[in-house]
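Reader: I would like a close look at a single part of this model, with the surroundings brought in where they help. Please take it slowly and keep the reasoning connected.

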Amino acid sequence: GSGSAQTGAGVGSSAQRTALWTKQAALIDQLQPLLLRRIAVLEQTDAALQATLRSGSALRQVMDKELLWFPSHQAMDSAWLREWRTVLRGSEGASVDSGANASPWNTARVLGASMLRNLWVYAGILAGVLVLLGLRRYALRQLQAIALRVDDFSQDHFGLTLVALGWSLLYALPWSFATAALGLLLQSAAAPAALEPLGQALEQLSDFVFLVTLLHVLFRPGGLALAHFGWPRERVQALRQMVLRATWLIVPIELLGGMAFFSHDDAAISTWGRLCLLVLTLGLAWIAFRYLRQSIRKQRPGLRWGQVVSVAVLLVLAGTLAGIVLGYVYTATEVIQALLSSFVFLAAAEVLVSLLRRWLLLGERQLALNRLRAAAVQTHAGSTQGAVDAAGKAPSDEQSQMALVTVSTQAHRLLGLLQRVLVALSLV
């Protein structure tokens, strides 16, 4: 009796499980179309959102281009001077941790407090910079050793130039890493909101710091410009001084001006942001004028490309200066950013052309050494048959030498044409 009862209970539970599975399968069958419709709706929503973002980005680009023709702020008059008083009073009364208060003195106070609270994080960045500075000293020693090998024509080859370029890139890394790491740290969620404009300005400035440090090592004694490219020492010295002046001018002004613009505070942009743009424009005009005056004093025949670039830059900066005074602040910002980008493109083009020219010169020198070795072998042969063979081969050797000279001349002309085209593109 007990066995039949257990059998009946087992059959009942099995029937219940079967019924539950049947209901579960039916619910799954009903749920599947709902999930498919939900996925389709989400895909359509995502596609519509992407289309909206694309159209918004295109509209913003069009508006940016069109709005550049209209003044964004008032002109620099008595009302602009009164606006300074308002900004100074507002910075004194605003909260220290407020993101809208991006004045330099408030940012310095907040940065000091943040460094005390996150001392180990800033110490980690400092340790990374110290390691890179140690590698920088090693890279400088390697550049000096490579320059000594380049002076010996028997050991010189194009691979040394590429290795020197790699060590130059490593030399330029420490301070760029410091500005980028500090900028990313100040933009993190753990940092106060008042430090976000400073972080964005530092992150933007890191690329320029890398570029000017790279140019500094290129123009050093033993660097690529003197030891590998063979540039005249006077030209390298002038370029090095110009880069040094531009660094001391652009870095602090870009930092202060970037803080004003990234704060999105219209009053800050109109006052000390505009003042930074004004000083930067005047400083760049002064550097361009000094370079133009030095190039004119050399009294070389013809018009040099450096003079053309200097005159074009002076004209652009004069128009930019007038725009800043009249209230075209955003327009002046775009022009200066485009001008700095043109300088970067021009420097990269000059280095590229110099690398190609050195590769051609090393190939020509190797061919000349091979011809000298072949002539030495023929001289030491001294046999009559060798003299007859040499006399028979002289016309073909002379023809091949003339062909090599012609090819070399054409290659250098093409490089000169490429350099002029890249200079013209940098001015567009």
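How many cavities of 30 Å³ or more does the structure hold, and which residues line the largest cavity?

Author: The model is predicted, and the structure in it holds 1 cavity of 30 Å³ or more. About 40 Å³ of space lies in the largest cavity, and the residues that line it are Ala238, Met242, Arg245, Ile287, Arg290, Tyr291 and Gln294. Two elements, α9 and α10, each give two or more residues to that lining, and the largest share, 4 residues, comes from α10. An α-helix has 3.6 residues a turn, so residues three or four places apart point the same way.

The loop between α9 (233-262) and α10 (266-297) contains His264. This histidine has a positive phi of about 60° although it is not a glycine, and His264 is exposed, with a relative accessible area of 67%.

Both α9 and α10 also belong to the wider packing, for each supplies at least two residues of the largest nonpolar core, a set of 50 residues in which Leu215, Leu218, Phe219, Trp231, Ile250 and Leu280 are the ones with the most contacts inside it. Other elements that supply at least two residues each include α4, α5 (158-171), α11 (305-326) and α12 (329-381), while the largest share of this core, 9 residues, comes from α7. In soluble globular proteins, nonpolar side chains tend to be buried together. Leaving aside its neighbours within four places in sequence, Trp231 is in contact with Phe219, Ala225, Leu226, Val236, Leu239, Glu350 and Ser354. A second, separate core of 14 residues includes Leu195, Leu202, Met259 and Ala268.

Helix α7 itself deserves a further word. Of its 23 residues 17 are buried, so α7 is largely enclosed by the rest of the structure. The end C-alpha atoms of α7 are 34 Å apart, which agrees with the 33 Å that its residues should span at 1.5 Å a residue, and there is nevertheless a kink of about 30° in α7, centred on Leu205.

Helix α4 (residues 119-151), another contributor to the largest core, has 33 residues and reaches 48 Å from its first C-alpha to its last, close to the 48 Å expected at 1.5 Å a residue. Among the buried residues of α4 are Tyr122, Ile125, Val129, Leu132, Arg136 and Ala139.

Definitions and conventions
Residues numbered from 1 in each chain as written. Predicted model: local features only at pLDDT ≥ 70, side-chain atom pairs only at ≥ 80, totals over all residues. Heavy atoms only, no water. Expected span 1.5 Å × (residues − 1). Buried < 20%, exposed > 50% of the residue type's maximum accessible area, 1.4 Å probe, protein only. Core = buried A, V, L, I, M, F, W, Y, C linked by side-chain atoms within 4.5 Å. Contact = heavy atoms within 4.5 Å. Bend = angle between axes of the 7 residues up to and from the residue. 1 Å grid on protein atoms, 1.4 Å probe; cavity = no way out; pocket = protein on both sides within 12 Å on 5 of 7 lines; lining within 4 Å. Points joined across faces, edges and corners; volume = space filled by probe spheres on them.
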